[in-house]
Amino acid sequence: MLLRWGKNNIAFMVLFFVVVAIGIWIENQYYLQVLTFIGINSLLALGLNMLMGYAGQISLGHAAFYGLGAYTSAILSVHYNVNPWLALIGAVLTASLIAFIIGIPTLKLSGYYLGMGTLGFGMVVHVLFREWSTLTGGASGFVGIPPLELGPISFLSVRNYFYLVWLIMLANMVICRRLIDSRIGRALRSIHDSEHAAEAVGVDTANLKLMIFVFSAAMSAVAGFLYAHFVSFISPGSFTFLASVRMVTMVVIGGMASIWGALLGASLLTLLPEWLHAFADYEMVVYGAVLMIVMILLPQGLTRGLTEIYERSRK
Amino acid sequence: MSMQKLTKNVVLLLCVIFAGCLLTSSWVQAASTYKIGGIFAVTGPASFLGDPEKKSMEMAVKSINDRGGIDGHLLETVIYDTEADPTKGVMAVNKLINKDKVLAIIGPSTTPTTLAVINFVERAQMPLISCAAGIQITQPVKQWVFKTAQSDVLAVASLYSHLQEVGIRKIGILTVSNAFGESGKHQLEAQAGAYDIEIARAESFGAKDTDMTAQLTKIRKTDPQAVICWGTNPGPAVVAKNVEQLKMKMPLYMSHGVASPKFIELAGDSAEGICLPSGKILVAGLLPANDLQKEVLTQYIEQFESRYDGKVSGFGGYAFDAVNILAKAMKGSGGDREMIRAAIEKMGNHVGVSGIFNFSATEHNGLGPDAFVVVKIKNSTWELLR
Amino acid sequence: MQELLQYLFSGITNGAIYAVIAVGFSMLYSSTELINFAHGEFVMLGALTLVTLWGGLHLPLALAFILTVGIVSGAGFIFERFAVRTVKKPDHIVLVIITVGASIFLRGIGMLIWGKDAYSVPAFSGHQPLDICGATLLPQSIWIMAIVGIMVFGLYYFFSRTLTGKAMRACAISKRAAWITGIPTGKMVLLAFMMSTGMGGVAGAMIAPITMSSYDMGTILGLKGFCAAMLGGIGSLWGAVIGGFLLGIAEAMGVGLISSSLKDAIAFVLLLAILYVRPGGIVNARDVQRF
């Protein structure tokens, strides 16, 4: 147990130093920006991975929480002149509350029905973003979201924002690792394996599922906050069903029930369109084909799949 | 699977990914070309804008290069597809600014994408000429942001003054629920009072909806003298068919969003008699010989239709005008962005496809009400009304 | 009163479209327990293929229609063979992602073949609307309802009277047991896919005259058809029909009586309501695999 804890910490330390190194050495703003977006997407994938990978619940509407975080923070900091950091708390609270209310009836469903319920919820929230124009700016979007600053540090530069996003991401990775290794984590994994068996040994499945649903919604809200204050403009088009699908794809391709899998999946899916620029009109076809091929050949996701190939080749 | 192995593998993978980023860097730039960037919604829901815009930009650049380029420098273009996604637009703009290091950027095609990239181009001090219609792009004026597409303010004004002329006082409006329709609705409501027009009913429809008879029935109940539908293909074509199906007799007006031959093709017979505000491009052949834009229009139409399949629409013209304005501004600038920006601001009387441009420090769109005419669909073709 | 009737007809028009799409969804689920997120894209293929064959090449309508269904079924064949059969670990979630990837792939193919424009075809029997008590209805809507009826009755007959149909039902109940009794389960799954995508093709061909066909029409239609299937009870064919019409009418009434801006939300609010209150759908198909 102690040894495992040690190895995990080493991995996190390595990542920390890689982040600092990149921040110091990389001059090019383009790469920094791409890496910042990768960080935001990793945060999304991590939250969803906790829900899908460890608790075994499908969510096809998680972009709603991403959007709720972004819009709540935007509305609070622009319409009500709230300090953006307080707006972050507001964003997380709003998303958590709504996740709590929606979670209670939705998590009673299972399998496809749960996926459908979350899909329906995601679509309803999207319509709300689009039609409640007095509050959200409607389909034309929300402009003028203020940049972040903390005392003397301004997060206007891409480099500083890169640090901010990745520090938050690292912190969340540590939190998730602690959660997984705790009693709660073990209970979660038991639910994933067999909900009935877990109930039989006295695990409070309903409450645990709800808790992890709220937790993952909160993480998505933080990602939304980071996105909103980075681009300073948000529109409903970024929080559609396709966005939810992209999030699920990041989790599944990276590897479920794997913190590093979330990172890998997010990196790949953020970079893939950049690499596919050269394909112009063929981009959609290639993207779809890549998704299918990865899922057909490596259904456990890349983390497990590639490490398995590595293991097999060593034998 | 031990933790150590996993970590090693993941870090290795991250390095591979990172190397991949580096490897896809562009070639070392030849010192003698001027690089300009373009970001358009070539695929996705706004491809009817982005596709002709990309083609027009390439066409314009080719003719400039055929004539020797600008001050002896050939133009090189780097064009990215935003799929009308603001996030992709931001990433593309950043790539153009920091990786491709272009001198100026043409596009994006849609208003939300433009609004998303404004802060980045302002901070990077990069001239941007947008092809999107939203009024918020140039009002309030941002130093580095210009646009060539006519604002919906002008389109609504043009349509309303026509309505006033024919004595229509009470209307019903049906708008599409996206940025274009929303902005149009806002303008229709804001300007109605100035033209003595009452909007009896305002309804909306989804871009991919298949039947609007319910909304039209609601509008018909208020007994309006005319119905205005504000959207982009294919929704308005369905509306036109529905209006015919419901046997609604009052005149139907559309927006400049359907100012393309595609609309007539989609709506078929039900397009007959519909009027809409449009750039002069649709009726270039019908313009009087002394019209200032006629020559530029005819040339553009000829070039576009001979080089690409399909008939021309007003949308490609935005990019065409943008490239030509930029080329004019680049003369004598030696590749200095501030000089390019200042040159655009001082430009006056540039005759383009979308209108005659007059820029100034307070006017970054440069078009006036003469950019629009009202056309009527008759016998499956366009007829000039005013 | 006249307005209510018009709303009803508007609802029936859309409802027939949703129903014809939902039947294909439900049929596949009832045979294989798989939700095909790419179903909307097969509908798109059907619509655009008809546009090319009938509108572009001017083949006679019946021939174009049959060819369209054949081509889309062929696409379903390829899809099953390459994308579904070869999966090593057919988890629900893996298959969902594969069908999602397939939908993106097919949309890309549609864009490459037919471009980004929209297309329109004339109605099958002229576009003079029928006047019924002051409200109008397009004859094409009647065609769609007729086709839905034929499909459902045809499937009913197939599943309950023919040997193949019964074999397919057996596979749905238990693949292993069916295989033991000698039923070629692999072929049954393939047939189910071909039938389902073929029905998607039929749906696309029928709705092409009403909607404007384009490469991206499949997404929202697929989602709404899917809601309709769940409303009625996924896996139940009658449920798909009932769900489709219910959804269409609810949307039209919502637009007519409340507000047009919330139209899209209506479908999904209904979906949530039915899931919370009665997940088996209207016909309560939870434990019943087919109708």
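## Close-up views of a predicted complex

**Figure 1. Helices α5(C) and α10(C) run roughly antiparallel to each other.** In this predicted model, α5 covers residues 139-161 of chain C, and α10 covers residues 237-258 of chain C. Their axes are 10 Å apart and meet at an angle of about 160 degrees. Angles over 145 degrees count as roughly antiparallel, so the label fits this pair. If you look at how α5(C) and α10(C) cross, the crossing is left-handed. Which residues make the contact? From α5(C) they are C:V148, C:V152 and C:L155, while α10(C) brings C:L237, C:W238 and C:V241. By class, this contact of α5(C) with α10(C) has six nonpolar residues, with no polar and no charged ones.

**Figure 2. Chain A meets chain C.** Here 30 residues of chain A are in contact with 35 residues of chain C. Three helices of chain A, namely α5 (111-131), α11 (241-254) and α13 (283-297), each give at least two residues to the side that touches chain C. Which helix supplies the largest share? That is α5(A), with 11 residues. Sorted by class, the side of chain A that touches chain C holds 23 nonpolar, five polar and two charged residues.

**Figure 3. Domain 1 and domain 2 of chain B touch each other.** According to the domain assignment, domain 1 of chain B is made of two stretches, 33-150 and 297-368, and domain 2 of chain B spans 153-278. How far apart are their C-alpha centres? The distance is 29 Å. Where the domains of chain B meet, 13 residues of domain 1 are in contact with 13 residues of domain 2. On the domain 1 side, these residues divide into six nonpolar, six polar and one charged.

**Figure 4. Confidence varies along chain A and chain C.** For chain A, the mean pLDDT is 87, and 98% of the residues reach 70 or more. Among the elements of chain A, helix α3 (residues 63-79) has the highest mean pLDDT, 95, and helix α14 (residues 302-314) the lowest, 78. Chain C has an average pLDDT of 86, with 96% of its residues scoring at least 70. Within chain C, helix α2 (residues 39-56) is highest at a mean of 93, and strand β1 (residues 130-132) is lowest at 83.

**Figure 5. A stretch of chain C calls for care.** Over residues 287-291 of chain C, pLDDT stays under 50. The model gives this stretch 14 contacts beyond four places in sequence. Where pLDDT is low, predicted coordinates should not be read in detail. For the complex, the predictor gives an ipTM of 0.85 and a pTM of 0.88.

Technical notes. Residues are numbered from 1 along each chain as its sequence is written. Chains are lettered from A and ligands numbered from 1 in the order in which they are written. This is a predicted model: local features need pLDDT of at least 70, side-chain atom pairs count only at pLDDT 80 or more; totals for chains, interfaces and linings use all residues. Axes are lines fitted to C-alpha atoms, for helices over the stretch in contact, and angles run from 0 to 180 degrees between N-to-C directions. Helices (H or I, at least four residues) and strands (E, at least two) are DSSP runs, numbered from the N terminus. Angles under 35 degrees count as roughly parallel, over 145 as roughly antiparallel, 65 to 115 as roughly perpendicular and the rest as oblique. A crossing is left-handed if the near helix is turned anticlockwise from the far one by less than a right angle, and right-handed if clockwise. Two residues are in contact if their C-beta atoms, placed from the backbone, lie within 7 Å. Ala, Val, Leu, Ile, Met, Phe, Trp, Tyr, Cys and Pro count as nonpolar, Asp, Glu, Lys and Arg as charged, and the others, Gly among them, as polar. Domain bounds come from an automatic or database domain assignment. pLDDT is the predictor's confidence in each residue, from 0 to 100.
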